[in-house]
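Subject: Structure handover and findings

Dear colleague,

Please find below the structure that I am handing over to you. I should be grateful if you would look it over alongside the notes that come after it.

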Amino acid sequence: MEPGTGMQLEAPNQALQEELSTLLGKCEQLEKSKCQLQEEVTKLHHHLETLVLDGSQREQCTGEVAEGADQERSAKLQEVSLVLQAGKASEDREQETPG
């Protein structure tokens, strides 16, 4: 090896080591960011699951309310029908009785 070759390689070697150090620092930062993003994704998945459950519960409650309203409406219609039938029967009896 020539006497000046070691000094000639020292500068590029130093530059490459600095670049490697910079890249390693960036790699660490990216790893931290990756971990933070994974935590965020996990939180968002949990939040989404909670919202989906809330939505299905809301649908269930809405269905129950609608079913209850339908039953109440049917009961009222039957009640009205019975009142009308009673009124009709009363009218029929009045018409049958000589006055």
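The notes below describe the overall form, the charges, the cysteines and one histidine.

Please bear in mind throughout that this is a predicted model.

Overall form. The protein chain contains 1 helix and 0 strands. Its radius of gyration is 42 Å, whereas the globule rule gives 13 Å for 99 residues, so the chain is more spread out than a compact globule. Along the principal axes, the C-alpha atoms fill a box of roughly 145 × 15 × 15 Å. The helix, α1, covers residues 5-96.

Surface. Of the 99 residues in the protein chain, 2% count as buried. The exposed area of the chain is about 9300 Å², and 58% of that area is supplied by carbon and sulfur atoms.

Charges. The protein chain carries 9 positive and 20 negative side chains. The centres of these two sets lie 6 Å apart. Side chains of opposite charge can pair when their charged atoms come close. How many salt bridges does a search of the whole structure find? The search finds 1, and the side chains that meet in a salt bridge are those of Asp-70 and Arg-73, at 2.6 Å from N to O. Both residues lie in helix α1, where they are 3 residues apart, or about one turn of the helix. As for their surroundings, Asp-70 is partly exposed, with a relative accessible area of 41%. Arg-73 is likewise partly exposed, and its relative accessible area is 47%.

Cysteines. The structure holds 0 disulfides. Cys-27 takes part in no disulfide, and the nearest cysteine sulfur to it, that of Cys-35, is 11 Å away. Why is there no bond from Cys-35 to Cys-27? The closest cysteine sulfur to that of Cys-35 is in Cys-27, and at 11 Å it is too far for a bond; a disulfide here requires the two sulfur atoms to be within 2.5 Å. Cys-27 counts as partly exposed, at 40% relative accessibility. Cys-35 also counts as partly exposed, and its relative accessibility is 40%.

Histidine. His-46 lies in helix α1. Is this residue, His-46, buried or exposed? At 53% relative accessibility, His-46 counts as exposed. For a sense of distance along the chain, His-46 and Glu-19 are 27 residues apart in sequence, and their C-alpha atoms are 40 Å apart in space.

In brief, the predicted model has 1 helix, 1 salt bridge and 0 disulfides.

With kind regards

Terms used
Residues numbered from 1 in each chain as written. Predicted model: local features only at pLDDT ≥ 70, side-chain atom pairs only at ≥ 80, totals over all residues. Heavy atoms only, no water. Helix = DSSP H or I, 4+ residues; strand = E, 2+ residues; numbered from the N terminus. Rg over C-alpha atoms; globule rule 2.2 N^0.38 Å. Buried < 20%, exposed > 50% of the residue type's maximum accessible area, 1.4 Å probe, protein only. Areas by Shrake-Rupley, 256 points an atom, 1.4 Å probe, with all protein chains shown as cover. Lys, Arg positive; Asp, Glu negative; His and termini not counted. Charge placed at Lys NZ, Arg CZ, Asp CG, Glu CD. Salt bridge = Lys/Arg side-chain N within 4 Å of Asp/Glu carboxyl O.
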